[in-house]
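I opened this model to look up how one strand is placed among its neighbours and what a helix packs against. My entries follow in the order in which I looked.

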Amino acid sequence: MKKTGIFYGSSTGMTAEVAEQIAKILAIDTADVRDVAKSSPADVAPYDVLLLGSSTWGSGELQDDWYDMLDGVEALDLTGKTIALFGCGDESMSDTFCGALGELYSRLLPTGARFIGAFDADGYDFDSTPAFVDGVYVGLMLDNVNKEELTAPRIKAWTDLIKKELA
């Protein structure tokens, strides 16, 4: 697989755990799994593939540590890089479930990166999400609180999809 880095923002540790699980399945070295609170936009440079994860807070906002990082990353030319998104949310927030993924997607779309990893949200019960763009869910959406039984199988299916789309 191409040089892959995982960057995540996590307040409670749940998104960090998901990042670690993804890294294990995709055989990504732990040194390439990075908390955005301890990263800078320049840290994305060595990677061909960026797996970006965020929990969703408030009215669909990014995890707090993402804001400074994203301000810098969205100013970069990421042409030639591939991005896949994953995140944790609460489906009971029925109009903002995993909204952080929608913000990552919309802000990074102008960078020239190619997006992969659109994933189905069947099995969840919510009304709408900012992560539904142009007829697809822009990444892996997880609710490890209300639907924990879906987390492991979804991570496995999504990482299989990522492998296929990168092949």
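**Strand pairing and one helix**

I started with strand pairing and found that strand β3 (residues 49-57) and β5 run parallel to each other over seven bridges, where strands and helices are DSSP runs (E, at least two residues; H or I, at least four) numbered from the N terminus and two strands pair if DSSP finds at least two bridges between them. The model is predicted, so I note that local features need pLDDT of at least 70 and side-chain atom pairs pLDDT 80 or more, while totals for chains, interfaces and linings use all residues. Residues are numbered from 1 along each chain as its sequence is written, and side-chain values use heavy atoms, with hydrogens and water left out.

In β5, Ile83 is the bridge partner of Leu50. I then looked up β9 (residues 139-142), which pairs with β5 in the parallel sense over four bridges, and there Met141 is the bridge partner of Gly87.

Next I checked burial (under 20% relative accessible area with a 1.4 Å probe, protein chains only). In β5 (residues 82-88), seven of seven residues are buried: Thr82, Ala84, Phe86 and Cys88 point one way, and Ile83, Leu85 and Gly87 the other.

Last I turned to α4 (residues 151-166), in which Thr151, Arg154, Ile155, Trp158, Thr159, Ile162 and Leu166 are buried. Seen down the axis of α4, these buried residues fall within an arc of 130° and so line one face of the helix, the arc being that of the directions from the helix axis to the C-beta atoms. I found that they pack against α1 (14-26), β3, β5, β6 and β9, with contact meaning heavy atoms within 4.5 Å.

Methods:
Buried < 20%, exposed > 50% of the residue type's maximum accessible area, 1.4 Å probe, protein only.
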